[in-house]
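Student: Before I rely on any label attached to this model, I would like to hear what each one rests on. Could we take them one at a time, setting the value against the definition?

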Amino acid sequence: MKLILAIVTVFFCTVAAAGGASADAPSIAVEKPWARASILKSRPGAAYLTIRNTGDEPDRLLKVTSPAAGTVMIHESKLANGVAQMLAHGGLDIAPGAEVTFRPGGLHFMLMDLRKRLHEGETLMLNLRFEKAGDINVTMPVLGLGATGPK
Amino acid sequence: MPDGAPETPALGRRLKIVRRAAWALILVTTMAAAGFAGWKTFAPAKPPTARQVGEALIKTQFNLTDHYGRAVKEKDFRGQWQLVFFGYTFCPDVCPTTLSVMARALDLLGDDAAKVAPLFITVDPGRDTPEVLAEFVGAFHPRIVGLTGTQEQIKAAAKSFRIYVGRVDKPDVPGGYLMGHSGYMYLMTPEGTYDAVFSENRNPPEDIAAAIKKRLTKERSGR
Ligand SMILES: [Cu+2]
């Protein structure tokens, strides 16, 4: 049942993402989403995906939420002078034609205050709120703790 | 922004963008300052910049507790090459990535992996207990050893590797802080001296495995 629900959700979010919010709005496509299993409930989770602006107007990712987490932050891991740190972004501009890829070691959604541990094989839902494209719901598979990319 | 947009919303949006930019800047600056403060508090050597580091000064030296709860010292790993990474389990991005690179390199080494001790030393001993580490390292590779200890022991271990460890207080994060840490994996000789440095973003597992294989071959041919 859960699986069917997930498939249906994936289908709808793909349609919503491909179609954009309305005719004039910039089209935002969200692709290859995946999350990484978390070690414990008390440890943050991470999720990754690619955002493409297929329209000809800039858009901006304003806020990300998830029913699975208390807070979702837009983070970027930076290795500067050998020191790994995570910077928080207040939002993210997506230029027309641009493709922004979240990937391990770079941009990631940091899931704080997980309601429960993310297990491999489950699905995770994120809501991405864009300034112009509006809300896009994305359902993604939770891959193993050692996963380094989408399947 | 489209031309001829009503003036007020356009101005409002511009202001919003300015405000956002200001916030982002404040955040980054705060984190940088916090990182710097953390660095000063921990007072380790300068963050190592791969090649400029006083490599001769880096050595495997520690008194720590492994993820089985056993007390271990550097001499427990003498005779094996050591692949050492400092991280922590509250780091869901770079740390799992580095450990999976490490795990893949070990798999690529095949039987030779037995000649390498892969060590994951936490920089967050307050939260990374042996039990937590067992679950964490176990998820990557059965051979990776998780090491923790007291704050003092971790500080001493970080110092022997000339590793940067900095605490960044963040009230919005569960537990209130994150750690800045070295993003490097160090390859140490069986004698515990520095030999090479790798990072997950520059060295694919194939490179790391090949570098280790080369050394093992040299070792077998009597150097
Ligand atoms: Cu993060």
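Student: What makes A:His75, A:Met86, A:His108 and A:Met110 the protein donors of the copper ion?

Tutor: Donors are N, O and S atoms within 2.8 Å of the metal (3.2 Å for Na, K and Ca), and since water is not among the atoms, sites may look incomplete. The atoms here are ND1 of A:His75, SD of A:Met86, NE2 of A:His108 and SD of A:Met110, and they lie 2.1 to 2.3 Å from the copper ion, so they meet the 2.8 Å limit. Along the chain these donors follow the spacing H-x10-M-x21-H-x1-M. Within this set, A:His75 in strand β4 (residues 69–80) of chain A and A:His108 in strand β8 (residues 107–114) of chain A are 33 residues apart and link distant parts of the chain. Strands (E, at least two residues) and helices (H or I, at least four) are DSSP runs, numbered from the N terminus.

Student: What should I keep in mind about the model and its numbering?

Tutor: This is a predicted model, in which local features need pLDDT of at least 70 and side-chain atom pairs count only at pLDDT 80 or more, while totals for chains, interfaces and linings use all residues. Residues are numbered from 1 along each chain as its sequence is written, chains are lettered from A and ligands numbered from 1 in the order in which they are written, and side-chain values use heavy atoms, with hydrogens and water left out.

Student: Why is the site of the copper ion called tetrahedral?

Tutor: Four donors count as tetrahedral if all angles lie between 85 and 135 degrees. The angles among the four donor atoms of the copper ion are 99 to 118°, so the label follows from that definition. For reference, the ideal angle for four tetrahedral donors is 109.5 degrees.

Student: How do you know that A:His75 is buried?

Tutor: Buried means under 20% relative accessible area, exposed means over 50%, and partly exposed lies in between, with a 1.4 Å probe and protein chains only. A:His75 has 0% relative accessibility and therefore counts as buried, and A:His108, also with a relative accessible area of 0%, is buried too.

Student: What makes β3 and β6 of chain A a pair of strands?

Tutor: Two strands pair if DSSP finds at least two bridges between them. Strand β3 (residues 59–65) and strand β6 (residues 92–94) of chain A are joined in the antiparallel sense over three bridges, so they satisfy that rule. One of the partnerships is that of A:Leu61 with A:Leu92 in β6(A). Four bridges join β3(A) to strand β9 (residues 123–130) of chain A, again antiparallel, and there A:Lys63 stands opposite A:Arg129.

Student: Why are β2 and β9 of chain B called edge strands?

Tutor: The open sheet in question has seven strands in the order β2-β1-β5-β4-β3-β8-β9 (chain B), with mixed pairing. Strands β2 (71–73) and β9 (194–199) each pair on one side only, as edge strands do. Strand β9(B) pairs with strand β8 (residues 184–188) of chain B in the antiparallel sense over five bridges, with B:Met188 standing opposite B:Tyr194.

Student: What makes the contact between A:Arg43 and B:Asp128 a salt bridge?

Tutor: A salt bridge is a side-chain nitrogen of Lys or Arg within 4 Å of a carboxyl oxygen of Asp or Glu. The closest N and O atoms of A:Arg43 and B:Asp128 are 3.5 Å apart, so the definition is met. This pair crosses between chains, from the loop between β1 (28–36) and β2 (45–53) of chain A to the loop between β4 and α3 of chain B. A:Arg43 is buried at a relative accessible area of 5%, and B:Asp128 is buried at 0%.

Student: How do you know that B:Lys155 and B:Glu152 are about one helical turn apart?

Tutor: They are three residues apart in helix α4 (residues 151–160) of chain B, which means a separation of about one helical turn. Their closest N and O atoms are 3.7 Å apart, in a salt bridge. B:Lys155 counts as partly exposed because its relative accessibility is 33%, whereas B:Glu152, at 54%, counts as exposed.

Key. Four donors count as tetrahedral if all angles lie between 85 and 135 degrees; four count as square planar and six as octahedral if opposite donors are over 155 degrees apart and all others between 65 and 115; anything else is irregular.
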